[in-house]
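Q: I have a model open and I'd like to learn how to read it. Can we go through it together, one feature at a time?

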Amino acid sequence: MSDGRDPISRRDFVKLAGKGALVAGAMPAALAACGEDAPPETVVVTETVIEERIVTETETVIEEKIVEVEVPGEAPTTTMGMREAGLAAENGADLLIYAPPGREVPTQWPGYLGRFPHPQFAATAGSFASLGELQLGAIEPDIWNPCFAVFDTAVSEGLVQPWDTSLIPNFADLNPNLTAATSRDGNQYAIPLLYGLAIPIYRADLYTPKENSYSILFDEDLAGKVTWTDSAEWFVVAGKLPENNVANPLDPTEEELDRLVEFMKRKIRIVPAALYSDLATNQTDLATGNIVASYVAPTQWIELTKQGVDIAFITPDEGFIGFSCGYFLMADADQYYHAHEWVNAAVSVEAALTISNKFNFGNSNLKATAVDNPLLVDVMGLGDPAALDGVSLLDKMQNIDRLNDAWIEVKAAAGV
Amino acid sequence: MVSENDTSEKSDTSEKKVRVASLARRRHRVTRSLLALPLGWLVLFFLIPVSLVVAYSVGILETFTKEEGVSLETWRIFLTGENVYMLLFIKSFRMALIVAVVVVILAYPIAYFLAMIADKYKYSLLLLMIAPFMTNFFMRVMAWKVLLGRQGVLNSFLIWSGLRDEGNPIEGLAFGEIPVMIVLGYVWIPFVMLPMFAAMISMDRRLLEAAADLGASRWRAFWKVTFPLSLPGVVASFFFVFIPTIGEFVVPKLVGGTKGYMFGSAIDDLFGMGLDWRTGSVLSLWLVMAVFILALLFMRLVRFGRLAES
């Protein structure tokens, strides 16, 4: 039993230890600065005292108390000082990053290695599957790298904690449209790394769209020639169509969702084969003409254009749907300061250019505009924060569990 | 007076009784300790996990805070067919039944040939039958995509031979129910063959000789002797295919497309992307119960059949 005060978490303990170390470390310097003749100046600093209190015979509670104490010298209250002390109190080799395979390549977090030990990586198997694993405590990373359709659930469930953006100097260069979508109540819960627009594309030599709309993907004239992704975001796509009359496609009401489910159950029958999760097969099908229209990230459109396939994309009248992915700081992260250091490196200009040049994604760093691929710069409006105005970012999806359930039911209905 | 002989006889008897009792106790202990391992295994890896799934299905355990607490609502929705999953179960049941029956029918003559005719080559031939299955499962499934695809081997042959027009291949071969059943059949045949082969090879051949001596034709001897004696192997083989097929989700994911979606696919999705462990647990338990009931039913039928035979 406790008396209502929460026991201290591991993360807080490390932070407090950092503050304690900071105070202790500042004292000799302050003393050295003082002449023997001159009486030492004193300043009031807050110090955290950790007390172990016995509650019952078997239970003790560690409590944090902030007290004001007078110490000689200047108050070492700078963020940088806290950071150094915090880093010293942690064992950086234990930093665990739960990210898609490939993120372990150091070119994606340049400048970190050499200053700190090599972090550990565990591979995620998709944003939602990893959300379930984290919720069950199957893995306890410090940083998690999903796409932010899981944002609402991750924050609501208390899985993640806000980043201290003052410890991330590169944060100031990030696209404000993306950072705004991943903050809540003034707290920056996620650091965006990359983004993309979900674009409808078609074989221009085989099809002429009737309108500039996502409706091309539901066009029954293309039955058997359209591919969809396997994702609940299809309710957002369908919700954007004027005919479905949904006020906010990112958070449909129950009645709206019911209508969308019926619409999707009818329309999924025009999807011939697999709901694609395999980009390579989808690309091959588009190249050979087996598939005429699809819903892709710009990376596929760019690849196909490079191959010389007559492929065009639609700028939908109803506005684009976009997605972003990046980093969460887990609620019980042990490596609080190392996590900030690592994420700062991972959103640097150099890292952002790797994301855009190697993987054809938009990057979140507005200064990283020296991108090799002019197609990407044009389509994504890289470097221009206003390019994302009016884009429905999936980061803002609410109650995704409801949409996921509905999506599985649509798939099941297609099978019976 | 009791004679000395009587006394020694009595003491002999009581000593024997003590020895027998101690032997029985020891045997009991051995039996119990031998049973402990499989029982412990069953408790640890079956009863406890199933209990956890039960707890999830009614909301005693929850994954996310948004869930609605303890209730049987998810069960009600599923059992009354308010959602689509009962229909999906019926479809998967039908598919599993077709695959199991067809595979058993196809595998039976192979097992018969190996056990009764192949003689000294039987084990070499058996090894040859199993050889393809030493390669990776994923590769074997993907090979079927190459065979059955729009521009795959089968369609190319049909177009080359003029049976189909150029640009008009057979659709639905690469994805859908049919390819799922073909691939599953292909995957299971060698495994299905083994229990039937084992049942036939352990058969007493003198029974066939006796049947022949009594004037039975080879066909009659097969129906009256070989087939009834191989029936336990047939039933085992059937379940060997039926149980995993009804809950299958890997093959439907690879070659099922939107039409080949199965009950197991829904369970996989509900636990994975759906984060809906409650509905996933309801579906999983339903599958366990259905298979269990079916197994009991078949056992009864086989036993009844044997009684009728005798």
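A: Sure, and let's start with a term: a salt bridge is a side-chain nitrogen of Lys or Arg within 4 Å of a carboxyl oxygen of Asp or Glu. Keep in mind, too, that this is a predicted model.

Q: How many salt bridges cross the interface of domain 1 of chain B and domain 2 of chain B?
A: By that rule, zero salt bridges turn up across this interface. The search for residue pairs in polar contact, both at pLDDT 80 or more, also finds zero there.

Q: Where do those two domains of chain B sit in the sequence?
A: Domain 1 of chain B covers 1-57, and domain 2 of chain B covers 77-309. Their centres, taken over C-alpha atoms, are separated by 42 Å. Five residues from domain 1 of chain B and six residues from domain 2 of chain B take part in the contact.

Q: How do people put a size on an interface?
A: It is often given as the accessible area lost when the parts come together. For domain 1 and domain 2 of chain B, about 530 Å² is buried between them, with 81% of it on carbon and sulfur atoms. On the domain 1 side, B:Val53, B:Tyr56 and B:Ser57 lose the most area to domain 2 of chain B, and together they make up 80% of what that side buries. Sorted by class, the domain 1 side that touches domain 2 of chain B has four nonpolar residues, one polar and no charged.

Q: Which domains does chain A have?
A: The assignment gives two, each written as a pair of segments: domain 1 is 7-195 + 324-381, and domain 2 is 196-322 + 399-415. Their contact takes 13 residues from domain 1 of chain A and 14 residues from domain 2 of chain A.

Q: How much area do domain 1 and domain 2 of chain A bury between them?
A: About 1,100 Å², 68% of it on carbon and sulfur atoms. In domain 1 of chain A, the residues that lose the most area to domain 2 of chain A are A:Asn360, A:Leu375 and A:Val379, together 42% of what that side buries. Across this interface the rule finds zero salt bridges, while the count of residue pairs in polar contact is two, both residues at pLDDT 80 or more.

Q: Which elements give two or more residues to the domain 1 side of that contact in chain A?
A: They are α4 (151-156) and α12 (374-380) of chain A. With four residues, α12(A) gives the most to this side. By class, the side of domain 1 of chain A that touches domain 2 of chain A has nine nonpolar, three polar and one charged residues.

Q: Now the two chains together: how many residues does each chain bring to the contact?
A: Chain A brings 35 residues and chain B brings 29 residues. Chain A and chain B bury about 2,600 Å² between them, 60% of it on carbon and sulfur atoms. In chain A, A:Glu157, A:Ile408 and A:Val416 lose the most area to chain B, together 19% of what that side buries.

Q: How many salt bridges are there between chain A and chain B?
A: The count is one salt bridge. It pairs B:Asp269 with A:Lys411, and their closest N and O atoms are 2.4 Å apart. Five residue pairs in polar contact, both residues at pLDDT 80 or more, are also counted between the chains.

Q: Which element gives the most to the side of chain A that touches chain B?
A: That's α13(A), with eleven residues. The residues of this side of chain A divide into 17 nonpolar, nine polar and nine charged.

Q: What should I do with low pLDDT?
A: Where pLDDT is low, the predicted coordinates should not be read in detail. In chain A, pLDDT stays under 50 over residues 1-11 and over residues 16-76. The model has 90 contacts beyond four places in sequence for residues 16-76 of chain A.

Q: What are the mean scores of the chains?
A: Chain A averages a pLDDT of 82, with 79% of the residues scoring at least 70. For chain B the mean pLDDT is 87, and 95% of its residues reach 70 or more. As for the complex, the predictor gives it an ipTM of 0.77 and a pTM of 0.77.

Terms used
Residues numbered from 1 in each chain as written. Chains lettered and ligands numbered in written order. Heavy atoms only, no water. Domains from an automatic or database assignment. Contact = heavy atoms within 4.5 Å. Buried area = accessible area lost by both parts, 1.4 Å probe. Polar contact = N/O pair within 3.5 Å; in protein donor to acceptor, adjacent residues only side chain to side chain. Nonpolar A, V, L, I, M, F, W, Y, C, P; charged D, E, K, R; others polar. pLDDT = per-residue confidence, 0-100.
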